[in-house]
Amino acid sequence: MSATATAGAGTRSAGALAGFRIAVTSQRRSAELIEALERRGAQVLHAPTLRLAPLAEDSELLAGTRRVLELRPEYVLVSTAYGFRRWFETAEAAGLGDELAEVLRAARIHVRGPKALGAVRALGFDAEAMAGDELTSSMVARLVPLLRGKAVVLQHHGLGDDEAAAALLEAGTRELVRISPYRWVPPEDAGKLEVLLRALCSGSLDALTFTSAPAVVALLEAARQHDCHAQLLHALQTTVSTVAVGPVTAAPLRGAGIEPLVPARHRMGAMIHTLVEHLGRRGALECATVLGPCQLRGDTVHLGGAGTELGASQLRLFKALLVARGNVVSRGALAALLPDGSSDHALDMAVSRLRGALPDARLVSTVVKRGYRLNA
């Protein structure tokens, strides 16, 4: 967790996301996203699932660029702004910038979305068309009838765009060159990814953000490797709010049976606004109790004007009691939420610590030989 995440209740910044714990999985532009979330009061866990490999000596990209110069393609399809800029910068560093610019000016350029369009124009080129829904598949589908016998370049976003490439080949292109200006590699600190998986599976996080499809794929694969894939899917389908910056990023989540929040405008600012709105509307749990209205907002319990933060184990126990709304939660069900196992002593000690952390210990009642309940 960041510095904000370790702050106590008395020092935490107030804001729309105060009390909520949110994970950021991106490497690129992560500082901007983290700062925006923390400014709104969130506790942030930063755990990149992938990182961009250095391109100083990327022979594969330069070989692809030289093939583009030889081929002089009729069509160039641009998927990402960052990828297009990085491709051109790498070509310039290798002394190929002028030749590539000549080829691009002669080609018919199509782009996936507004950001790619902006990057193309910023480098002095014109784009013929843009996909209205910002999907590579839509960009390709519109062009398929025109591509038989044509040479085509596909600058893709790093996940592979295999379906788009297959559609282009099936269209009868004379030759297809796939340009990947950046390569994804494992994160430098794999330990952070393990921490993220444990936090997600244990119910310690309220929301999870994604800004790229490869980051989603990497998290799901890491869960398989750590034998917690089923637990992760359950968490993302039930208790954790997942937000993706756009439909491309959302696709592998939906393929895994997870329906994420996706902003109408596929931008980081819109993603943050969507998350704030969602957590403000649905992120807090409330229940009437004999001591007055009780609200759990993120990791903070509010009762009668007082608010106290709960630790991870305390939060899992209290959330289960709050959701039950006064019904008894069995000892076995509560013990299963603890990392210490299912012993009676471990559960009794955990409930004792929970009572001590609550604004009023009387919120939790003991039901002898059966379990515990919220005093509603």
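These are my notebook entries on a predicted model, taken in the order in which I looked things up.

**Entry 1: overall picture**

I began with the whole chain and noted that the protein has 376 residues, of which 52% count as buried. Its secondary structure comes to 15 helices and 18 strands. For the outline I took the C-alpha atoms along the principal axes, and they fill a box of roughly 80 × 35 × 35 Å.

**Entry 2: the sheet around β7**

I then turned to an open sheet of five strands, whose order I wrote down as β6-β5-β4-β7-β8, with parallel pairing. In this sheet β6 (129-130) and β8 stand at the edges with a single partner strand each, so one side of each is left without a neighbour in the sheet. As a general reminder to myself, the strands of a sheet pair through backbone hydrogen bonds, either parallel or antiparallel.

I next followed β7 to its two neighbours. With strand β4 (residues 75-78), β7 pairs in the parallel sense over four bridges, and within that pairing I found V78 opposite Q155 of β7. On the other pairing, five bridges join β7 to strand β8 (residues 175-179), and these two strands also run parallel. Two of the positions I checked there were A151, whose bridge partner in β8 is E175, and V153, which stands opposite V177 in β8.

How many residues of strand β7 are buried? I found that five of the five residues in β7 (residues 151-155) are buried, so that the strand is mostly covered by the under 20% cut-off on relative accessible area. I also asked how the two faces of β7 compare with respect to cover, and both turned out to be covered: A151, V153 and Q155 are buried on one side, and V152 and L154 are buried on the other.

**Entry 3: E175 and its salt bridges**

E175 had already appeared as the bridge partner of A151, and I looked at its side chain next. The side chains of E175 and R67 meet in a salt bridge, at 2.6 Å from N to O. Because E175 lies in strand β8 and R67 in helix α2 (residues 59-71), the pair ties together parts that are 108 residues apart in sequence. As for cover, E175 is partly exposed with a relative accessible area of 25%, and R67 also counts as partly exposed, at 31% relative accessibility.

**Entry 4: other salt bridges**

The count for the protein comes to 13 salt bridges, and I went through two further pairs by hand. Side chains of opposite charge can pair when their charged atoms come close.

In helix α9 (residues 213-225) I found both R224 and E221, three residues apart, which is about one turn of the helix. Their side chains meet in a salt bridge of 3.5 Å, N to O. R224 is partly exposed with a relative accessible area of 44%, while E221 is partly exposed with 35%.

The other pair is D344 and R331, whose closest N and O atoms are 3.7 Å apart in a salt bridge. This pair links distant parts of the chain, with D344 in helix α15 (residues 344-357) and R331 in helix α14 (residues 331-335), 13 residues apart. D344 is exposed, since its relative accessible area is 52% and the cut-off is over 50%. I also noted that salt bridges with shared partners join R67, E70 and E175 into one network.

**Entry 5: a charged patch on the surface**

Which residues gather in a patch of negative charge on the surface? I listed E89, E92, D98 and E99. The elements that give two or more residues to this patch are α3 (81-93) and α4 (97-106). I checked E99 separately: E99 is found in helix α4, and it is partly exposed, with a relative accessible area of 42%.

**Entry 6: P293 and A376**

My last look-up was P293, which lies in strand β13 (residues 292-297). Is P293 buried or exposed? At 68% relative accessibility, P293 counts as exposed. P293 and A376 are 83 residues apart in sequence, and from C-alpha to C-alpha I noted 9.3 Å between them in space.

Terms used. Residues numbered from 1 in each chain as written. Predicted model: local features only at pLDDT ≥ 70, side-chain atom pairs only at ≥ 80, totals over all residues. Heavy atoms only, no water. Buried < 20%, exposed > 50% of the residue type's maximum accessible area, 1.4 Å probe, protein only. Pairing = 2+ DSSP bridges. Patch = residues over 30% accessible without salt bridge, like charges linked within 9 Å, V, L, I, M, F, W, Y side chains within 5 Å. Areas by Shrake-Rupley, 256 points an atom, 1.4 Å probe, with all protein chains shown as cover. Salt bridge = Lys/Arg side-chain N within 4 Å of Asp/Glu carboxyl O. Lys, Arg positive; Asp, Glu negative; His and termini not counted. Charge placed at Lys NZ, Arg CZ, Asp CG, Glu CD.
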